[in-house]
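Hi everyone, thanks for making time this morning. I'd like to walk you through one structure and then take your thoughts over coffee.

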Amino acid sequence: PGLLVLKDIDKTYRLGNLSVEALRRVSFTVFANDYVAITGPSGSGKSTLMHLIGCLDTPSSGELIIAGQRVSDLDPNQLAEIRNRRIGFVFQQFNLLRTMTAVRNVELPLIYAGVPKQERRERAITLLERVGLGNHLQHRPMELSGGQQQRVAIARALVGDPSIILADEPTGNLDSHSAAEILSIFEELNQSGRTLVVITHDANVAAKAQRILTIRDGQLQEAS
Ligand code: ADP
Ligand code: ADP
């Protein structure tokens, strides 16, 4: 069974009596340990898809199943649970808390999850070492380069041991050197068994994935 299954997903935004069909009959499956890129031009429906996969919004019709759970059957609390436990988000803008050190930023999801202090500190440090920031544990976001901030964000995404890492334009704010570092971390994560879904308009970023899904005008076309 797939970790993430989309069957005939439609998403229509309604604005008064106008409606925008952002996604039309989108179907695909992401299996455990896949590395999938979703790419397409601006306005094609990528963000809409990201919001659905991230349980930040719900489809107008069709079936979305994450780790065996049919998302349409869930109440808001259960959706939040999937969002927090199953999905590790990585954003274009890093979304770190400015006043907190790298370790505190990475620990944060575990604080909400009620993990004891010693354990969460150890997990955060291990992950920061893994992304090459073992010497920057006490740095705050402003004391780090963009690439380093994104590596903190990746460590934070991993800390709750999610089923899927969902990254939205993860290299969109980075120079090419830092972008390459992030992509090599993704490759390592995938080699160690992680499942990655990367949304990007950048064909070079998409090319690093095992599988590329291209979306145009809300419809999916699978290449390679
Ligand atoms: P992308 O991320 O590929 O740029 P989007 O998913 O943001 O594409 O947009 C797909 C289509 O849905 C576009 O026509 C966009 O204008 C429309 N759209 C996206 N979000 C909304 C919204 N909240 N309300 C109305 N229309 C939206
Ligand atoms: P790396 O190649 O490891 O990503 P950089 O060459 O980007 O490192 O940065 C080297 C050092 O300079 C970093 O350790 C960081 O502390 C500091 N630095 C880089 N960019 C910034 C920035 N925009 N603001 C503050 N410090 C920065």
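**An aromatic pair and two ligand sites**

Let me start with the aromatic rings, where the count comes to one aromatic pair. The partners are phenylalanine 89 and phenylalanine 91, and they are stacked, with 5.7 Å from centre to centre and 5 degrees between the planes. Please keep in mind as we go that this is a predicted model.

Are these two rings buried or exposed? Phenylalanine 89 has a relative accessible area of 14%, and because the cut-off for buried is under 20%, it counts as buried. Phenylalanine 91 comes out at 24%, so this ring is partly exposed.

Now on to ligand 1. Which residues surround it? The shell includes Tyr13, Leu15, Val20, Ala22 and Pro41, and then the run Ser42, Gly43, Ser44, Gly45, Lys46, Ser47 and Thr48. Sorted by class, that makes five nonpolar residues, six polar ones and one charged one.

If you look at where these residues sit, strand E1 (4–15), strand E2 (18–30) and helix H1 (46–53) each give at least two of them. H1 has the largest share, with three residues.

Let's zoom in on the oxygen atoms of ligand 1. A polar atom in the side chain of threonine 48 is 2.6 Å from a ligand oxygen, and for the side chain of serine 47 the distance is 2.7 Å. Serine 44 takes part through its backbone, with an N or O atom 3.1 Å from an oxygen of ligand 1. On its own, ligand 1 exposes 560 Å², and the protein buries 62% of that.

That brings me to ligand 2. Around this one you'll find His136, Met142, Glu143, Leu144, Ser145, Gln148, Arg151, His177 and Glu181. Here the classes are two nonpolar, four polar and three charged.

What does the backbone do at this site? A polar backbone atom of glutamate 143 lies 2.8 Å from an oxygen of ligand 2, while methionine 142 places a backbone N or O atom 3.5 Å from a ligand nitrogen. From a side chain, an N or O atom of glutamine 148 is 3.2 Å from an oxygen of ligand 2.

As for cover, the protein takes up 44% of the 560 Å² of accessible area that ligand 2 has alone. The elements giving two or more residues to this shell are helix H5 (146–158) and helix H6 (176–191).

That's my tour, so over to you for questions!

Conventions:
Residues numbered from 1 in each chain as written. Chains lettered and ligands numbered in written order. Predicted model: local features only at pLDDT ≥ 70, side-chain atom pairs only at ≥ 80, totals over all residues. Heavy atoms only, no water. Near = heavy atom within 4 Å. Polar contact = N/O pair within 3.5 Å; in protein donor to acceptor, adjacent residues only side chain to side chain. Areas by Shrake-Rupley, 256 points an atom, 1.4 Å probe, with all protein chains shown as cover. Helix = DSSP H or I, 4+ residues; strand = E, 2+ residues; numbered from the N terminus. Nonpolar A, V, L, I, M, F, W, Y, C, P; charged D, E, K, R; others polar. Phe/Tyr/Trp six-rings, centres within 6.5 Å; stacked < 30°, edge-to-face > 60°. Buried < 20%, exposed > 50% of the residue type's maximum accessible area, 1.4 Å probe, protein only.
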